[in-house]
Amino acid sequence: MKFKPEKEDLDKNRLSSDVMSSWNPFQSVVSIISPSKQSVPEKCYIVPDPYSPLSSRKRYKLTLFLLKLSLFVIVILALTGSFWWTISLTTTSRTTHTFRGYRRLQEQLVSDLWDIGELSLGSSRIKESEFCSLESENYIPCFNITENLELGLTEGQEQDRHCGPTSKQNCLVLAPSGFKIPHRWPTGRDVIWIDNVKINAQEVLSSGSLTKRMMLLDEDQISFSFASSMVDDSIEDYSHQIAEMIGLRNESYLVQAGVRTVLDIGCGFGSLGAHLFQKQLLTMCIANYESSGSQVEITLERGLPAMVASFAAKKLPFPSLSFDMVHSAWDGIAWNHKDGIHLIEVDRVLRPGGYFVWTSPIANTRASVKNKDNLKKWDFVRNFAKNLCWELLSQQDNTVVWKKPSDKDCYTSKSQGSGPYVCKAGHDVESPYYHPLEACIGGTHSRRWIPIEKRPKWPSRAALNPKELAVHGVLFDDLTEDDFNWKSAVRNYWSLLSPLIFSDHPKRPGIEDPVPPYNMVRNVLDMNAHFGGFNSALLEAGKSVWVMNVVPTSGPNNLPLILDRGFLGVLHDWCEAFPTYPRTYDLVHAEGLLSLETAKQRRCSIVDVFFEIDRLLRPEGWVILRDMTSLIETARTIAARLKWEARVIEIESNSDEKLLVCQKPLIKRRSYPS
């Protein structure tokens, strides 16, 4: 382009401002070359095409060197200035206004340095969002069993997470060629598209006898049966049996007995959780990573809570005293191995007064009489449960129900040598992320030791009383205010979940966007859950959702509070892949996550986090981010590289923050040539 000097100054200024306003740190740098060696009129500038090479290779190398040198100097000067300014502020008395102004400038500095760092990595990293290979369609990074076996990991350790530098997957995972948008809840609970999950008809028909009775294959769909007359031992009968063994009339009374959250180990395809959900019980399914026919993948496809987890060598990513009931049926776990350490882990996550339900052929004592090996295993489990102070409530056929004690008398009176000892106070941690399994009884030193029968019944449990909040160091007024703010936010969020907000055509006067239905989304991931207020507001608004409340390891650990409210959640480091399959969440929400991650010296970048969000998100799924204005603008640029539709929305009550609402398009593998 040539800017002629004869033009008016007003036109020159307008053109100059347009060029500067279009500059983006994530795009190629536009250099302004001096006209001294060019045959152009004086006072004219040449802006070369950013995608074409310069005429001189030496000039290109010089420009690249000067750019890197400039970036290095800027970073050094900025960090030095921030350091000395921090010292001056901490050594002198300042007013509250000055401190707040400094805090705001400091946050802006962190954001600017983050942008500079991303730019210094090169434009190609952000510009080119390549598509992943076919093998990535159902793959979870950090769960490479073949590689783990080659490293010599055995005895179940090959099933654990092992995240290394090579586990990052900075590419877009395409949907399978036959992918279809899942049915909305509750239809999607009972019917799923077979092409959406990695399982074929042969795998369905070759599954165990119980699975065959629960699944009916119908061309391109899988239908799940609950109370079919053809099913002898249906899920409804099974759950009814469990309630009776506890001493209740039926499973509808489990809530009144203090049961709200259930951990289902080796959950099959989530049929128990699907049935209990109708009884106001929330079931978290966990199972090992499976490359095909995954229990977790199919359970999530049905709109039910699930995640990949193994406790072969490491603790589960939940604090002590997290669940009211633990269920395990036909799981294949060798409970008698490693001196019963897996039973100790079950005891750790089980609340006082909670129930452990175990269904296994080993528990069938009549059949075990003919099988000495099974009888030996049963004797070990029964005796070890007694040493854990569990009470054997009932035993029917293959099912056994134990109850954990409500008080600590049994633990304090344990004699030395009578089974596992009680953990010391220093080992009784609330953040077990990546901690190895321990052969001691945990949770007894926790201030959260409250029997389930003494806790408020659901749904009253969601609003913790002042005494319960004091255990977590949270004021009642703070939680009340947080819940109130989230109620208002959810009303505003829900009105934005419509493709109409991306339309370039103005609406006609008097025509409003239709409000999305209550079942617009089902699986929700909150990447920075705080107190679980977003979860609480969604339920109170009557939305048919469940929320995976994630507490980042880089921030304060509020997961015990979230779990005590009767919600589900997990600890996680967002520099690693989340333990779930691609395309499993309809809505991903994050409030303040970008600020939290940029404030820490992290081993990953914001781009890595966005690639992970894209992997987790279903096609036509939604992303809602709320954060500082500068970070939202950066996020908007990255969203465009991921091919998301994006819109930045002002927040009237807070001028320092903005909202970014995005929708992921449906892109199938066959749509792009190889």
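**Disulfides, burial and a helix crossing**

Modeller: A disulfide joins cysteine 389 to cysteine 410, with an S to S distance of 2.0 Å. The model is predicted.

Colleague: What makes the pair of cysteine 389 and cysteine 410 a disulfide?

Modeller: The cut-off is a pair of cysteine sulfur atoms within 2.5 Å. The sulfur atoms of cysteine 389 and cysteine 410 are 2.0 Å apart, so the pair meets that cut-off. A disulfide is a covalent bond between the sulfur atoms of two cysteines.

Colleague: Why is the disulfide of cysteine 389 and cysteine 410 called left-handed or right-handed?

Modeller: The disulfide is called left-handed because its torsion about the S-S bond is about -80°. The pair links distant parts of the chain. Cysteine 389 sits in the loop between helix H14 (372-387) and strand S9 (391-396), while cysteine 410 belongs to helix H15 (residues 409-412), 21 residues apart.

Colleague: Why does cysteine 389 count as buried or exposed?

Modeller: Cysteine 389 has 10% relative accessibility. Buried means under 20%, so cysteine 389 counts as buried. Its partner, cysteine 410, has a relative accessible area of 28%. The range from 20% to 50% is called partly exposed, and cysteine 410 is therefore partly exposed.

Colleague: How many disulfides does a search of the whole structure find?

Modeller: The search finds six. With bonded cysteines counted along the protein chain, the pattern is 1-4, 2-3, 5-6, 7-8, 9-10, 11-12.

Colleague: How do you know that cysteine 142 and cysteine 163 form a disulfide?

Modeller: Their sulfur atoms are 2.0 Å apart, and the cut-off is 2.5 Å, so the pair qualifies. The link of cysteine 142 and cysteine 163 is right-handed, with 120° about the S-S bond. This pair also connects distant parts of the chain: cysteine 142 lies in the loop between helix H4 (123-127) and helix H5 (145-150), cysteine 163 in the loop between H5 and helix H6 (187-190), 21 residues apart. Cysteine 142 has a relative accessible area of 4% and is therefore buried. Cysteine 163, at 26% relative accessibility, counts as partly exposed.

Colleague: What is the handedness of the link of cysteine 575 and cysteine 604?

Modeller: That link is left-handed, with -70° about the S-S bond. The S to S distance of cysteine 575 and cysteine 604 is 2.1 Å. Cysteine 575 is in the loop between strand S15 (568-572) and strand S16 (585-591), and cysteine 604 in the loop between helix H20 (593-598) and H21, 29 residues apart. Both cysteine 575 and cysteine 604 are buried.

Colleague: Why is helix H21 described as largely enclosed by the rest of the structure?

Modeller: H21 spans residues 606-616, and 11 of its 11 residues are buried, so the helix is largely enclosed. The buried residues include the charged Asp608, Glu612, Asp614 and Arg615. For the protein chain, buried residues make up 50% of the 674 residues.

Colleague: What is the phi of arginine 583, and is this residue buried or exposed?

Modeller: Arginine 583 has a positive phi of about 60° although it is not a glycine. It is found in the loop between S15 and S16. At 4% relative accessibility, arginine 583 falls under the 20% cut-off and so counts as buried. Aspartate 397, in the loop between S9 and strand S10 (399-403), has a positive phi near 55°. Aspartate 397 has a relative accessible area of 60%; exposed means over 50%, so aspartate 397 is exposed.

Colleague: Which kind of peptide bond joins tryptophan 185 and proline 186?

Modeller: That bond is cis, with omega about 5°. Proline 186 lies in the loop between H5 and H6. Another cis peptide bond joins tryptophan 458 and proline 459, with omega about 10°.

Colleague: How do H17 and H18 cross?

Modeller: The axes of helix H17 (residues 476-496) and helix H18 (residues 533-540) come within 8 Å and cross at roughly 60°. The crossing is right-handed. The residues of this contact divide into seven nonpolar, two polar and four charged. Among them are Trp486 and Tyr493 in H17, and Phe534 and Leu538 in H18.

Methods. Residues numbered from 1 in each chain as written. Predicted model: local features only at pLDDT ≥ 70, side-chain atom pairs only at ≥ 80, totals over all residues. Heavy atoms only, no water. Buried < 20%, exposed > 50% of the residue type's maximum accessible area, 1.4 Å probe, protein only. Helix = DSSP H or I, 4+ residues; strand = E, 2+ residues; numbered from the N terminus. Axes fitted to C-alpha atoms, helices over the stretch in contact; angles between N-to-C directions. Left-handed = near helix turned anticlockwise from the far one by under 90°. Contact = heavy atoms within 4.5 Å.
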